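Let's walk through this one together, starting with a single spot where two elements meet and then zooming out to the whole chain. Have the viewer ready.

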Amino acid sequence: MNKIVAIVVVCGFTLAACGAKEETAVDQPITENEAPILLEEPLHDEGQGTISVNGSVADEDQHIHEPDEHTTCEMCNMHVYEKNDAMGMFSTKAIKKDGTVVFYDDIGCLLNDEVAKNETNEKYVRDFNNLKWAKVEDVTIVKTTLKTPMNWGYAYFIAEQDARSYIGQNEGAYIEKLETIKVQAKMKYEQKMKQQGKMGDMPNNE
């Protein structure tokens with residue numbers, strides 16, 4: 001009998017100890033390392049094409065921006081043609097440092113707006129074949145006999161082979177360097193300002 005009583009007492013102490021450990025484990029606070037990671041704020045749209053995560057701002061894909069039927073050229077105020085318009089392949093756009101997206105009816109206006117405002121922007125043109133936006137520095141530019149909104153006559157190709165194929169099929173077409181077009185655009189702008197007596201308003205880019 002004494003042995004049986006002793007065994008029962010020992011088992012009772014053991015169960016009590018286990019219960020105490022479980023209670024302690026439940027009551028203990030979660031340490032910093034064990035705490036679940038939570039967003040300080042939920043995702044929310046801040047407008048202007050941005051999404052805020054924990055107070056930081058991330059730009060969305062700027063390539064979604066397209067001109068509409070009411071869009072006018074930032075430089076000359078002429079109509080900017082939409083993507084599916086016959087002249088839409090010549091429309092261009094720029095993304096400014098503050099994220100503002102502006103459109104132009106032709107490449108000359110795109111380049112001259114930088115000269116007029118003494119700024120450097122991300123500049124985009126459309127691929128002649130698929131109409132996708134691409135940085136003007138990344139495309140092959142071809143001088144054509146095509147009529148464009150401001151009579152610059154340039155077409156743009158993401159793939160150089162497509163540009164060479166176009167040249168092979170169109171007499172008089174040739175590849176032109178961007179720097180040459182920039183010089184031409186600046187000269188035309190300066191001539192226009194001179195005729196209007198506004199040369200004193202020209203920014204000094206030197």
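Start where helix 2 passes helix 4: the crossing is right-handed. Keep in mind as you rotate things that this is a predicted model. In sequence terms, you're looking at residues 107-117 for helix 2 and residues 178-195 for helix 4. Their axes sit 9 Å apart, and the packing angle comes out at about 70°. Angles of 65 to 115 degrees count as roughly perpendicular, so that's the label this pair of helices gets.

Who actually does the touching? On the helix 2 side, the residues are I107, G108, L111, N112, V115 and A116. Across from them, helix 4 brings in L178, I181, K182, A185, K186 and Y189. Sort that contact by class and you get 8 nonpolar residues, plus 2 polar and 2 charged ones.

Now pull back to the full chain. There are 4 helices and 10 strands here. Reading from the N terminus, the order goes α-β-β-β-β-β-α-β-β-β-β-α-β-α. Trace that string and you'll find helix 2 following a run of five strands, while helix 4 closes the series.

How much of the chain is tucked away? Out of 206 residues, 32% count as buried. On the outside, the chain exposes about 13900 Å², with carbon and sulfur atoms supplying 52% of that area.

One last thing to look at is how contacts span the sequence. Take the contacts with a separation of 6 or more: 52% of them link residues 24 or more positions apart.

Note on methods
Residues numbered from 1 in each chain as written. Predicted model: local features only at pLDDT ≥ 70, side-chain atom pairs only at ≥ 80, totals over all residues. Heavy atoms only, no water. Axes fitted to C-alpha atoms, helices over the stretch in contact; angles between N-to-C directions. Helix = DSSP H or I, 4+ residues; strand = E, 2+ residues; numbered from the N terminus. Parallel < 35°, antiparallel > 145°, perpendicular 65-115°, else oblique. Left-handed = near helix turned anticlockwise from the far one by under 90°. Contact = heavy atoms within 4.5 Å. Nonpolar A, V, L, I, M, F, W, Y, C, P; charged D, E, K, R; others polar. Buried < 20%, exposed > 50% of the residue type's maximum accessible area, 1.4 Å probe, protein only. Areas by Shrake-Rupley, 256 points an atom, 1.4 Å probe, with all protein chains shown as cover.
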